[in-house]
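Student: Please take me through one part of this model in detail. I would like to start from a single residue and work outwards to the charged pairs.

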Amino acid sequence: MRIGILGSGLMGAKLGTIFARAGHDVTFSYARSEEKLKRLARKAGRKARAGTPREAARDADAVLLAVPWLRIDDVLAQAGDLSGKVVITCSMPMNDDDTELAVAHISSGPEELTKRIPGARVVAAFGTVPSEVLFPVYAARRKASRPSLAYCGDDRKAKNVAVKLIRDAGFDPVDAGPLRIARYIEPFAMLIAQLAYEGKGGPQLAYRFERFR
Ligand SMILES: NC(=O)c1ccc[n+]([C@@H]2O[C@H](COP(=O)([O-])OP(=O)(O)OC[C@H]3O[C@@H](n4cnc5c(N)ncnc54)[C@H](OP(=O)(O)O)[C@@H]3O)[C@@H](O)[C@H]2O)c1
């Protein structure tokens, strides 16, 4: 697949690198330094390159939106028309000082996103894990038991694209249902962040749902 990374920080840089190593064509975009994007692309291997948000989105089969909530309008404006595109977002709708969800209970980041990019096929995924665990999970992808990754969305085909990428990254995808379920997923992501950054074991934390019969 061709994947455009919109936001090449902690999440975008690592997920883009993992997708490139898993064999996808990746374009890193949207950082404050072009040199950083080029460096990331070099390190991610021959499947990766650096570009503008517009270049990253143009021919992409999927774009990963990985920017702070405050930067959403800016990156979307730079990306251009995303109608019809699969947009996978890990962006959390945090308030300005990054301490609380700015949108919650009666809406969610991904739902607000669909209002800003009508026609885009939005899937919420990857926001429930800290960036620090991404490389370790990818490294452990051949082990029998994989960590879960909850995702949600309203478009079946877009969700299938997300499932492929979630699997490629080493997780076991868990379909949480329609996009409005992001209202529950986001507070859960806050719990994971609390455990990862304030708990005792450190931030290399993933989770696993198990069913007992
Ligand atoms: N970090 C996590 O563990 C984690 C986990 C789950 C969900 N999330 C969510 O994922 C999203 C991304 O988080 P992150 O931690 O990856 O953020 P981040 O490290 O701050 O990365 C954001 C990216 O946006 C770029 N950017 C910011 N301001 C810009 C500007 N004015 N012009 C151009 N580029 C700009 C940054 O550029 P530079 O590279 O130059 O800084 C960086 O590449 C957030 O919504 C966050 O809530 C994060």
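Tutor: Start with F126. This residue is buried, with a relative accessible area of 0%. The model is a predicted one, so read each value below as computed from predicted coordinates. F126 sits in the loop between β6 and α6, the helix of residues 134-139. Its backbone deserves a look. Phi of F126 is positive, about 75°, although the residue is not a glycine. Most residues other than glycine have a negative phi.

D98 also has a positive phi. The value is near 65°, again in a residue other than glycine. D98 lies in the loop between β5 and α5. Is D98 buried or exposed? It is exposed, because its relative accessible area of 55% is over the 50% cut-off. F126, at 0%, falls under the 20% limit for buried residues.

Stay with the loop that holds D98. D97 is found there too, between β5 (86-89) and α5 (109-116). D97 is exposed as well, with a relative accessible area of 53%. Both residues belong to a patch of negative charge on the surface. Its members are D96, D97, D98 and E100.

For a second buried site, turn to T17. This residue is in helix α1, which spans residues 10-21. T17 has a relative accessible area of 6%, so it counts as buried. What does T17 touch, leaving aside its neighbours within four places in sequence? The contacts are F28, A44 and F135.

Now the charged pairs. How many salt bridges does the structure hold? There are 13. Three of them are worth following one by one.

Take R116 and D73. Their side chains meet in a salt bridge, at 2.9 Å from N to O. The pair links distant parts of the chain. R116 is in helix α5 and D73 in helix α4 (residues 72-79), with their positions 43 residues apart in the count. R116 is partly exposed at 37% relative accessible area. D73 is also partly exposed, at 48%.

Next come D155 and R121. The closest N and O atoms of this salt bridge are 3.0 Å apart. This pair, too, links distant parts of the chain, 34 residues apart. D155 lies in the loop between β7 (148-153) and α7 (156-168). R121 belongs to strand β6, residues 121-124. D155 counts as partly exposed at 23% relative accessibility. R121 counts as partly exposed at 24%.

The third pair is D172 with R208. Here the side chains meet at 3.7 Å, N to O. Which parts does the pair tie together? D172 lies in strand β8 (residues 172-175), and R208 lies in the segment after α8 (182-198), so parts 36 residues apart in sequence are tied together. D172 is partly exposed at 29% relative accessibility. R208 is partly exposed too, with a relative accessible area of 39%.

One network remains. R156, K159 and D175 are joined by salt bridges that share partners.

To recap, go back to the two loops. F126 is buried in the loop between β6 and α6, whereas D98 is exposed in the loop between β5 and α5. Each has a positive phi: about 75° for F126 and near 65° for D98.

Note on methods
Residues are numbered from 1 along each chain as its sequence is written. This is a predicted model: local features need pLDDT of at least 70, side-chain atom pairs count only at pLDDT 80 or more; totals for chains, interfaces and linings use all residues. Side-chain values use heavy atoms; hydrogens and water are left out. Patches are made of residues with over 30% relative accessible area and no salt bridge: like charges are joined within 9 Å, nonpolar side chains (Val, Leu, Ile, Met, Phe, Trp, Tyr) within 5 Å. Accessible areas come from the Shrake-Rupley method with a 1.4 Å probe; for residues, only the protein chains shown count as cover. A salt bridge is a side-chain nitrogen of Lys or Arg within 4 Å of a carboxyl oxygen of Asp or Glu. Lys and Arg count as positive and Asp and Glu as negative; His and the chain ends are not counted. The place of a charge is taken as NZ of Lys, CZ of Arg, CG of Asp or CD of Glu. Helices (H or I, at least four residues) and strands (E, at least two) are DSSP runs, numbered from the N terminus. Buried means under 20% relative accessible area, exposed over 50%, partly exposed in between (1.4 Å probe, protein chains only). Contact means heavy atoms within 4.5 Å.
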